[in-house]
Number of protein chains: 2
Amino acid sequence: MEDSTEAVDARTRILRTALKVFASKGYAQASTREICQRAGVNVAGIHYYFGDKASLYQELFQIPERMIRPPIILDEADTSLEAGLDAWYRHIMTFVLDADSGSHMRLLFLREQVDPSGLLDVDRVGIIGLYHAQLVRFLKRHLRIEESDSALNQLAFTLVGMAMVFYVERAAIRQLTPGLMESEEDLEAVVERMACHALAAVEAERLRRTSL
Amino acid sequence: MEDSTEAVDARTRILRTALKVFASKGYAQASTREICQRAGVNVAGIHYYFGDKASLYQELFQIPERMIRPPIILDEADTSLEAGLDAWYRHIMTFVLDADSGSHMRLLFLREQVDPSGLLDVDRVGIIGLYHAQLVRFLKRHLRIEESDSALNQLAFTLVGMAMVFYVERAAIRQLTPGLMESEEDLEAVVERMACHALAAVEAERLRRTSL
DNA sequence: CTATTTAATTCAAGCGCTTGCTTGAATTAA
DNA sequence: TTAATTCAAGCAAGCGCTTGAATTAAATAG
C-alpha cells in the first residue's frame with residue numbers, strides 16, 4: 001500500500017492508484033494485480049467495486065472534464081491575436097509539462113489521444129478536438145473568415161503540433177537539448193518564442209489568403 | 001499463412017509478417033503466436049531462426065537505415081530557405097502518409113519514437129534526432145548562426161512538430177476535417193501551406209534575434 | 001542410381017508464468 | 001442477525017519459450 005492518506009475507503013484508493021498505473025503504463029500494459037497491490041486491496045476489489053478492468057478505466061474518465069477544458073480567454077472577443085496565442089501556449093505547455101509531475105489525469109488524456117485504448121466514447125476522447133475547435137474559432141475571428149476551410153484547419157493543427165511535439169518527444173528533447181525544458185524560466189522563454197513563431201505562421205496565412 | 005509469394009523461406013516469411021504485426025500492434029502487444037500463424041510457421045520457428053522475440057524485433061531494425069535518412073537537399077549549400085523547407089515537408093509528409101498504406105518499416109520507426117520498446121540502441125532509434133539535427137544545420141546556415149542555442153533548437157522542434165501532428169493525430173484529423181489528407185492533391189496543398197507557415201516562423205525567429 | 005548416413009528444418013505438446021476474473025468462505029460493520 | 005466488505009485460492013486463457021521426436025533435405029557411400 002502506498003497511498004499514505006489513511007481513512008480513504010478502498011474504492012477511491014483503487015481509483016487513485018489505477019490512475020497512476022494507467023497513466024504510466026497505458027491501459028493494456030497495466031495489470032489489475034499491480035493496481036490492487038499498490039492500493040492495498042485484494043485483487044477481487046476491482047471486480048467488487050467496478051466490475052472489471054475496462055469499467056474501472058472508464059470510471060476514471062467520468063470525473064474531470066473541466067480539467068481538460070481549453071482556456072476561455074481565447075473565446076473572449078477582445079483578446080488580441082498576440083495575447084491569445086501567448087495565453088494558449090502558456091496554458092497548453094503547463095498542461096504538457098504536468099504530464100511528468102503531478103497531473104496523472106492529464107497524462108492519461110494525452111496517452112489516450114496518442115494511443116487509444118478503444119474503450120472510450122469517441123466524443124469524450126478528443127482533447128485535441130476541443131483545442132483544435134477553439135483555435136479554429138479564434139483564428140476565424142482574427143482572420144475574418146466566415147467558413148473554416150482546409151487551410152484554416154491545417155493552420156490550427158499546425159499550431160497544436162508546435163506544442164504537441166514537446167509532449168510526444170519530451171524525452172528526446174531533454175536529451176538532445178538540455179536547458180530547454182528544465183527550469184521554470186526555460187519554460188517561460190519557450191512559451192514566448194512559441195507564441196512568436198505561431199503568430200508569424202498566422203500572419204503568413206493571412207497574407208497567403210489575401211494574395212489568392 | 002497470408003504471404004502469397006511462395007518459394008520464400010520460413011525465415012524471411014517470419015520477418016515480413018513480424019514487421020506487419022509489430023507495426024500495427026507495437027512490440028509488447030504483438031504475440032509471437034500470431035506472427036508465426038500468419039507466417040505459416042510453427043511457433044518454434046522464431047526461436048529456431050532468431051532466438052527470441054526481442055532478437056526478432058531487433059533484427060527488423062538492422063535492415064533499413066537509408067529508408068529513414070533525411071533528405072540530402074537540405075545539406076547542400078545552395079538550397080534556399082524556401083526550397084529547403086518545401087522539400088523537407090514534402091519528404092516528411094510522404095513519410096508520414098506512408099504509415100497507413102505501405103511502408104510498415106516507417107510506421108515501426110515512428111511507433112518506436114512515440115512509444116519505445118526499450119530494446120533498441122538509443123543511437124539507432126532517433127529518427128526525430130536525425131531530422132532535428134539536419135534542420136538545425138540547415139537553420140544555422142540560413143540564419144547565419146555559429147553556435148546553436150536553445151531558441152534555434154526549439155525552432156527546429158517546432159518545425160518537426162508541425163509535421164508530426166499529422167502522423168500522431170492523423171485519425172483525429174481525418175475525422176475532424178475531411179478533405180485535408182485524402183487525395184494526392186490534398187497532400188500537395190498541405191505541404192505547400194506547411195512550408196509557407198514554417199518559412200514565416202523561421203523569418204520571425206530571424207527578426208526576433210536581430211531585435212535582441 | 002540407389003542406399004545410407006548426416007544435417008537442417010518442422011512439428012505437436014507442454015512448461016512456467018502472467019493475465020483478468022471468479023468463488024465461497026472469513027471478517028467486519030450495521 | 002443481517003448486510004457489506006475482504007480475503008486466499010484458483011480457473012481458464014494467453015504469453016514467451018523449450019523440447020524431443022518426426023520430417024525433410026543434403027551429403028556420402030556402395
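Helices here are DSSP runs of at least four residues, numbered from the N terminus. Keep that in mind as you click around, and remember that this is a predicted model.

Start by selecting DNA strand D and the residues within 4 Å of it. There are 16 residues around the strand, and Tyr49(A), Thr32(B), Arg33(B), His47(B) and Lys53(B) come nearest. Now colour the strand by sugar, phosphate and base: 51% of its atoms that come within 4 Å of the protein belong to sugar and phosphate.

Next, show the helices. Which ones supply at least two residues each of the surface near DNA strand D? Pick H3 (44–50) of chain A, then H2 (32–39) and H3 (44–50) of chain B. H3(A) gives the most, with three residues. Switch to colouring by residue class and this surface divides into eight nonpolar, four polar and four charged residues.

Time to zoom in on single contacts. On chain A, select Asn42(A): one of its polar side-chain atoms sits 3.1 Å from a base nitrogen of DNA strand D. Then hop to chain B for two phosphate contacts. Thr32(B) places a polar side-chain atom 2.8 Å from a phosphate oxygen of the strand. With Lys53(B), turn on the backbone, where an N or O atom lies 2.7 Å from a phosphate oxygen of DNA strand D.

Finally, zoom out to both protein chains. Superpose chain A on chain B: the fit takes a rotation of 180° with 0.0 Å of shift along the axis, and the RMSD is 0.1 Å. So what you have is the relation of a two-fold axis. Highlight the contact residues of chain A, and 100% of them recur in chain B, the same surface serving both copies.

Technical notes: Residues are numbered from 1 along each chain as its sequence is written. Chains are lettered from A and ligands numbered from 1 in the order in which they are written. This is a predicted model: local features need pLDDT of at least 70, side-chain atom pairs count only at pLDDT 80 or more; totals for chains, interfaces and linings use all residues. Side-chain values use heavy atoms; hydrogens and water are left out. A polar contact is a pair of N or O atoms within 3.5 Å; within protein, one must be able to donate a hydrogen and the other to accept it, and residues adjacent in sequence count only if both atoms are side-chain atoms. Ala, Val, Leu, Ile, Met, Phe, Trp, Tyr, Cys and Pro count as nonpolar, Asp, Glu, Lys and Arg as charged, and the others, Gly among them, as polar. Copies are superposed by least squares on the C-alpha atoms of residues with pLDDT of at least 70 in both. Contact means heavy atoms within 4.5 Å.
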